[in-house]
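Student: I have the sequence and the coordinates open side by side, and I would like to work through how some of the helices and strands are arranged. Could you take me through them step by step?

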Amino acid sequence: MQLTKQFGDITYSDAQLVGTKSASLGEIYQAMQGLEAKVPAGFAVTTDAYAHFMQENRLFDLIDEQLSGIDPADADALTYAGGKVRAGIIHSNMPDDLCGHIIAAYEELEALYGAKPDVAVRRSALPNDGKQGHMSAPQDSYLNVAGTRNLTATCKLVFASLFTDRAIARRIKAGQDHKDARIAVAVQKMVRSDQACSGVIYTHDTESGFADMVLISSAYGLGENVTNGAVNPDEFFVYKPTLDKGFRPLVKKQLGSKEIKMIYAPEQLAGVYTKNVPVHSSDRREFSLSDNEVLTLARYARQVESHYSALQGTPHPLEIEWAKDGYSGELFIVNARRKTLTERQDRVYETFKLREHGEAICTGRSVGRRIATGRARVILNTGDMDQLRDGEILITEKTDPEWEPVMRRAAAIITNLGGRTCHAAVMARELGIPALVGCKGATEQLRDGDKLTVNCADGDDGQVYTGVLPFDVQKILPDSLPQTRTKTYVNLGNPEQALEASFLPADGVGLARIEYILTSTIGIHPAALLNYDSLSRDLRNAIDEKTEGYPSPRAFYVDKLAQGIGLIAAAFYPRPVYVRFSDFKSSEYAALLGGNEFEPHEENPVIGLRGVQRYFSDSFSECFGLECLAINKVVKEMGLDNIQLLVPFVRSTHEAANVLELLARHDIKHGADGIRTHMMCEVPANALLAERFLAHFDGFSIGSNDLTQLALGVDREAGLDPELDERDEAPRMLMKMAIRACRKAGKHIGISGQAPSDFHDLVNFLVKEKIDAISFDQDALLRMKPVVAEAEK
């Protein structure tokens, strides 16, 4: 018998002896030696040790005595018999030889870390653990265990977890012998994250299955609160390909509420060595990790992922637990395991879209890009979970593995607490249903029996609406779509939809609007951020709330803008992403927080202070400089050189020359860093004098909406003749002039307006004129790509 085994002697092939957790820890402990990633030492108490313990204490006889012939449907009998078995295990003596092996293994840790090192003691399941009927549960982990006496006692608690009522019932239903079940124990040196933070890393995006993104969740204290969904953690996204090249591609940061943290309990009473305490409000308003620490963890994850890929012969998604030591400041990997995430390549592509909606009752982090409807079922205690009926929406504080049998009945799941790596989120993905986690106050705001619509289809923020709302589902197999000579791009403004949209059969992004990022993720007028000190107290307070976690309002604006652009660019890399500088009208800028303080009132904003003219104005020139800083950050810091720039609303060739000089002053030089600068062709003068404008730019992107309004003298916002649209002869003539001028000059010409998504005959016209690229809305791309192919025939 081999009763214990150090991590340094364990590989993944030892899983039957040490369980999958210990096998994985041993594998990465050895593999990371000499690399940047650090893994705390530890050892396994083996399945041989478990069997030896049971035999020496004649506990298999107790199992026969208590569990033979028991009816799993008789809850009282099951609870009594299971309790007797668990008590028998816990109160039995540890055999001397086994106790000696555990003490000797623990003394090896003392040699590394000093006297009485604190350790985590966890169940280590066998590869066929599900067949043994065991379900993981929070009580399977024991933290801050110190000293050999506590350690041996805790090992017995882990052994006893093999005989929970639910595990016994599962084995009986599966026709399995309880005496054949086996379990191992993983013992690992604790990292003092109770004084810092910890969390979980996914090496793929959990929602879309996007393979080139590292997702890191983080909260203060020990990591159990993150894995159990007891807190709403901070989240960070890092793009792998340019990280591997030495860049800093932190493309998204989201601040979590982090209300509580788990710390050591000095009293160590009744086998409980940890406790939860509130997090100070000032700490909650800050990110729990610095940018440098996020990037370090992402590199660690890549090292672990690289090893597992080599070990298994193919890349595979991993879930990695990490912890930061509050005393040394070091970051550690404390566990890694394979995960099954969404695979999009061979699936039917589904898009969900609400036809209409009112004001949301509550919001949270969305899981699963779907929409579901049903009656609400609010359940606060696990004892009442059988009340859930098929097709109802489960609403609760948080879930754990005890909920799993009834969760399969739910049409959707809503929890007050949790992040995208919590139990409810993991189960929702496995079941293929939407979930809203971290939906604060849901159990109070939503009432039993109410009809609800849960919308998780519009990005990371999901909503709950009253009533059963109509929605559309579009299904198509991307591989079945025809190939086209004309490039087909997608219009994309919302960065939250970028990873999902990247699976569309698009050649790139034809229009990424900076102003959409302004409204969806920033929401504040840039001049208000630059002139923060001169604002009223109420306005400063409102800005403070939105900019929590950032060192200054200016840094918030640049980082958020860069993250939004960077997330879209990363999602489609290396496909081109055409990013348009801001083109809000004064009325739209005024609608942003603080905007009324800095915007003029214009009778006709459509032809007022917008586009290039705005960039040179005294009131906005510094704001435009912030946009340029964000672009430089995306290209030079994140390494995302697939973005192409679009300059909007250029009224004259004089403006064209001046704006390129302005960009150069902001360190965006024409042709440098792989960036090409294109112009929106949306003023009639752009088409009429196309050759002159093209002398300054690398190509055109037709903005069909403005071009049509200015050609026909209509303001669509005024609700005038709806039949005056892009199909009229005048705007078509201007488009033809622009296309032919670009073809003659050998420069790129595309169209990024709304019209191609709406009008088949306009698409036929554009293809006939040999336009290089047509950009469609996301919901139109799949149906319009065959139209392009047919027109090309």
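**Helix crossing and barrel**

Tutor: In this predicted model, the crossing of α16 and α19 is right-handed.

Student: At what angle do helix α16 and helix α19 pack?

Tutor: Helix α16 covers residues 514-522 and helix α19 covers residues 553-572. Their axes lie 10 Å apart, and the two helices pack at an angle of about 115 degrees.

Student: Which residues of α19 are met by those of α16?

Tutor: From α16, the contact draws on Ile514, Ile517, Leu518, Thr521 and Ile522. By class, the contact of the two helices has eight nonpolar, two polar and one charged residues. On the side of α19, the residues met are Phe556, Tyr557, Lys560, Leu561, Gly564 and Ile565.

Student: In the closed barrel, how many strands are there?

Tutor: The order runs β23-β24-β25-β26-β27-β28-β29-β30, with parallel pairing. Neighbouring strands of this sheet are turned by 30 degrees against each other on average, direction ignored. The closed barrel has eight strands.

Student: What is the bridge partner of isoleucine 751 in β30?

Tutor: Strand β29 (residues 748-751) pairs with strand β30 (residues 773-776) in the parallel sense, over two bridges. The partner of isoleucine 751 in β30 is isoleucine 774.

Student: Which strands does helix α27 touch where it packs on the sheet?

Tutor: Helix α27 spans residues 729-745, and its direction makes about 150 degrees with that of β29. The strands that helix α27 touches are β27 (677-681), β28 (699-702) and β29.

Methods
Residues numbered from 1 in each chain as written. Predicted model: local features only at pLDDT ≥ 70, side-chain atom pairs only at ≥ 80, totals over all residues. Heavy atoms only, no water. Axes fitted to C-alpha atoms, helices over the stretch in contact; angles between N-to-C directions. Helix = DSSP H or I, 4+ residues; strand = E, 2+ residues; numbered from the N terminus. Left-handed = near helix turned anticlockwise from the far one by under 90°. Contact = heavy atoms within 4.5 Å. Nonpolar A, V, L, I, M, F, W, Y, C, P; charged D, E, K, R; others polar. Pairing = 2+ DSSP bridges.
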